[in-house]
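Me: I should like to go through the assignments in this structure one at a time. For each, please set the value against the criterion and then conclude.

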Amino acid sequence: MPELPEVEHAVRRLRGWIATRAIVRAEAHHKAIRRTLTPRRLASLQGRAVRDVSRRGKHQFVHLDDARVLHVHFRMNGDWAWVAPGADAPRHVRLTLHLDDGARVVLTDSRALATAVLLDDVAPVLAELGPEADDPALTPRAFHAMLAGKRTPIKVALLDQRLLAGVGNIYATEGLWHARVDPRVAAGALTLAQARAVLTGVRKALGRGMRREGRYAEGDSHEFLVYDREGAPCRHRDGGTIRRIVQGGRSTYHCPRCQRR
Ligand SMILES: [Zn+2]
């Protein structure tokens, strides 16, 4: 599932393809997309110039010259692809933006869970999001205060976008391993030192993902330090063996030896 680094790199690619272009036509190819991008809304995109592409958490915003915003969320495995003039589109295209240079930008998604919505105002989306996980303005002390009173396990709390925007299952798992904190400990029970370690650990994991150009995809388990490594030796070289547990319906991997309560 694309998380902050994957979405950030997707936004950078998309910005390079469309930020100075105009949309000459838009097509939706799946009923889930057509529910929000009706024929009338798709037609309203015709001739619109793109001003910029931005990101907040895992949300993408294509800013149009009429002040509207195309809000896209990849969900499980959405992605963008650029298609040269006259070339065949890749598989699983859900949305096509035909550009004024003859190229196309397409939203691909084999699961058809990605969403695309036209908004007049992004404020309601932003209001649901906590600070960016990698925002240097978020201090360990402020993060610790945000966790106060929370009885949910820290791993589950990290997935709540109202707490930290951009973190998902992989980076939460990896971050807690860097922090040497047990994913099952109640978020509100963390000491300030542990909260600092978790914030630093999550940022370290996100930084690794950013350097891999957001290609930290599921299936590339050799790229992970603890995620998807059940039964393998802990890379902290402490003799521990990675265990898999399920929290909130999602797999969590941890080392019982170094990730203490
Ligand atoms: Zn360990």
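Me: What makes strand 2 and strand 3 a pair?

Reply: In this predicted model, strand 2 and strand 3 (residues 59-64) are joined by six bridges in the antiparallel sense. Two strands pair if there are at least two bridges between them, so strand 2 and strand 3 count as paired. One position can be located exactly: Asp 52 stands opposite His 63 in strand 3.

Me: To which sheet does strand 2 belong, and why is strand 2 called an edge strand?

Reply: Strand 2 belongs to an open sheet of four strands in the order 2-3-4-8, with antiparallel pairing. Strand 2 (50-56) and strand 8 (115-119) each pair on one side only, and they are the edge strands. Neighbouring strands in this sheet are turned by 20° against each other on average, direction ignored.

Me: How do you know that helix 1 lies across strand 2 and strand 3, and at what angle does helix 1 run to strand 2?

Reply: Contact requires C-beta atoms, placed from the backbone, within 7 Å. Helix 1 lies across both strand 2 and strand 3, and runs at about 180° to strand 2. Angles over 145 degrees count as roughly antiparallel, so helix 1 and strand 2 are roughly antiparallel by that scale.

Me: What is the order of the strands in the sheet that holds strand 6 and strand 7?

Reply: That open sheet has four strands in the order 1-6-7-5, and its pairing is antiparallel. Its edge strands are strand 1 (23-28) and strand 5 (79-83), each of which pairs on one side only. The average turn between neighbouring strands here is 20°, direction ignored.

Me: How do you know that strand 6 and strand 7 pair?

Reply: Five bridges link strand 6 (residues 93-99) to strand 7 (residues 104-108) in the antiparallel sense. The criterion is at least two bridges, so the pairing holds. Within it, Val 93 stands opposite Thr 108 in strand 7. Helix 1 (residues 4-18) lies across strand 5, strand 6 and strand 7, and runs at about 30° to strand 5.

Me: Why are helix 5 and helix 8 called roughly perpendicular?

Reply: The axes of helix 5 (residues 140-147) and helix 8 (residues 192-211) cross at roughly 110° and come within 9 Å. The range for roughly perpendicular is 65 to 115 degrees, so helix 5 and helix 8 fall under that term. The contact is made by Pro 140, Arg 141, Phe 143, His 144 and Leu 147 of helix 5 together with Leu 192, Ala 195, Arg 196 and Leu 199 of helix 8. By class, these are six nonpolar, one polar and two charged residues.

Me: Why, then, are helix 7 and helix 8 called oblique?

Reply: Helix 7 (residues 169-179) and helix 8 have axes that cross at roughly 125° and come within 7 Å. Roughly perpendicular ends at 115 degrees and roughly antiparallel applies over 145, so helix 7 and helix 8 are oblique. The crossing of helix 7 past helix 8 is right-handed. Among the residues that meet are Tyr 171, Leu 176 and Ala 179 in helix 7, and Val 198, Val 202 and Leu 206 in helix 8. The contact divides into nine nonpolar, five polar and two charged residues.

Me: Which residues make the contact of helix 1 with helix 8?

Reply: Helix 1 and helix 8 pack at about 35°, with their axes 8 Å apart, and the crossing is right-handed. The contact is made by Leu 4, Pro 5 and Glu 8 of helix 1 and Leu 206, Gly 209 and Met 210 of helix 8. It has four nonpolar, one polar and one charged residues.

Me: What makes strand 9 and strand 10 a hairpin?

Reply: Strand 9 (residues 243-247) and strand 10 (residues 250-254) run antiparallel and are joined by five bridges. Arg 243 has His 254 in strand 10 as its bridge partner. Two residues lie between the strands of this hairpin, and Gly 248 in the turn has a positive phi of about 60°.

Me: How many residues of domain 1 are in contact with domain 2?

Reply: The domain assignment gives domain 1 (4-126) and domain 2 (140-254). Nine residues of domain 1 are in contact with 10 residues of domain 2. Helix 1 gives the most to the domain 1 side, with six residues. That side divides into three nonpolar, two polar and four charged residues.

How values were computed: Residues numbered from 1 in each chain as written. Predicted model: local features only at pLDDT ≥ 70, side-chain atom pairs only at ≥ 80, totals over all residues. Axes fitted to C-alpha atoms, helices over the stretch in contact; angles between N-to-C directions. Contact = placed C-beta atoms within 7 Å. Parallel < 35°, antiparallel > 145°, perpendicular 65-115°, else oblique. Nonpolar A, V, L, I, M, F, W, Y, C, P; charged D, E, K, R; others polar. Domains from an automatic or database assignment. Left-handed = near helix turned anticlockwise from the far one by under 90°.
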